[in-house]
Amino acid sequence: MKNIYLIGIGLIGGSFAIDIKKHFPESIIHGISRKEATLEEALSLNLIDKKATLDDLENADVVIISIPVDATVKMLPTILDKISDSSLVIDAGSTKEAICKVIENHPKRRNFLACHPIAGTENSGPSAAIPDLYVGKTNIICEVEKTTFKLQEKALQLFTAIGMRIRYMDPVAHDKHIAYVSHLSHISSFMLGKTVLEKERNERDIFDMAGSGFASTVRLAKSSPAMWTPIFEQNKDNIIETLEKYINNLQHFKELMEEKKFDEIYNEMENTNYIKQILNGIK
Ligand code: NAP
């Protein structure tokens, strides 16, 4: 695990860099990014040791791709073209079906492992990278059987060292479930933020009146549109299904309010308190 090439050095790639350096101090982290300024920032933050380009990938032991999912779909075939036969390529994209599909017949398909680390914050770019982001977090691996056994072992060695738990799933099921637990939460937060901004144009008022409930619910609305738009595009059908269910629930809640059925509103909330048990189980 000597030469690690990061394609994308934002929150996800940069946080991998910090933890890999900690657990594999002999490794050399090479950074590849679209913008020179991003590479310079990653160097100055010591996230990477060296700048690199796609043409250097033949020297890679491990390649970690952490760029928006539409860019991953475009670049992944070229990345696999350029690596050596013994390299491992891992992606971290938040959708999995389109990414797995684009290389299903690639001659180096067995060098690729499709992953989604369920870890993150609302911040982006190299300065958002933090140590221990992945400790205790789940990494969802898709189509593991399509990756060479030796390279699976290499990936597991890396993920285990940085403290991740592993779950295996097929890409279609991944995209369906993640629409509910991640993509819908982001849309809900963006639209809550929008609703409040439209009503409370004076940001000072929001700042003075917003309690921690508002801040925590709207936190995800600070997330990067450049990262999220391609995710919503790739998972459109599943997300529309979750939105229909969510909008029905909001509509029902509104009707209960209009009909002054506060006993039913109480019951709705009490039933949903079950989420505490689920989330306590996750912690
Ligand atoms: P980020 O902090 O915004 O970093 C994105 C990186 O991708 C930057 O290095 C950027 O480099 C590069 N990039 C942006 N647009 C690109 C394009 N069109 N082509 C090539 N490179 C491009 O994003 P992130 O949060 O690390 O997310 C990276 C990946 O991880 C995404 O696939 C996302 O779905 C996934 N993921 C995110 C989270 C999360 O909570 N944030 C969690 C799990 C998985 P330049 O500045 O040089 O353009």
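The following questions and answers concern helix packing and nonpolar cores in a predicted model. In this predicted model, local features need pLDDT of at least 70 and side-chain atom pairs count only at pLDDT 80 or more, while totals for chains, interfaces and linings use all residues. Residues are numbered from 1 along each chain as its sequence is written, and side-chain values use heavy atoms, with hydrogens and water left out.

Visitor: How are α6 and α9 oriented to each other?
Guide: Helix α6 (residues 171-199) and helix α9 (residues 225-234) have axes 11 Å apart and pack at an angle of about 125°. Angles under 35 degrees count as roughly parallel, over 145 as roughly antiparallel, 65 to 115 as roughly perpendicular and the rest as oblique. The two helices, α6 and α9, are therefore oblique.

Visitor: Which residues in α9 does α6 meet?
Guide: Contact means heavy atoms within 4.5 Å. From α6, the residues S182, H183, H186 and I187 take part, and they meet, in α9, W228, I231 and F232.

Visitor: Which element gives the largest share of the largest nonpolar core?
Guide: A nonpolar core is a set of buried Ala, Val, Leu, Ile, Met, Phe, Trp, Tyr and Cys residues joined through side-chain atoms within 4.5 Å, where buried means under 20% relative accessible area (1.4 Å probe, protein chains only). The largest such core has 34 residues, of which L6, F16, I20, L113, Y134 and F159 touch the most other members. Among the elements that give two or more residues to this core are β1 (3-7), α1 (11-23) and α5 (149-161). The largest share, five residues, comes from α1.

Visitor: With which residues is F16 in contact, leaving aside its neighbours within four places in sequence?
Guide: F16 is one of the residues that touch the most other members of the largest nonpolar core. Once its neighbours within four places in sequence are left aside, F16 is in contact with I64, A92, P117, Y134, F159 and I162.

Conventions. Axes fitted to C-alpha atoms, helices over the stretch in contact; angles between N-to-C directions. Helix = DSSP H or I, 4+ residues; strand = E, 2+ residues; numbered from the N terminus. Buried < 20%, exposed > 50% of the residue type's maximum accessible area, 1.4 Å probe, protein only.
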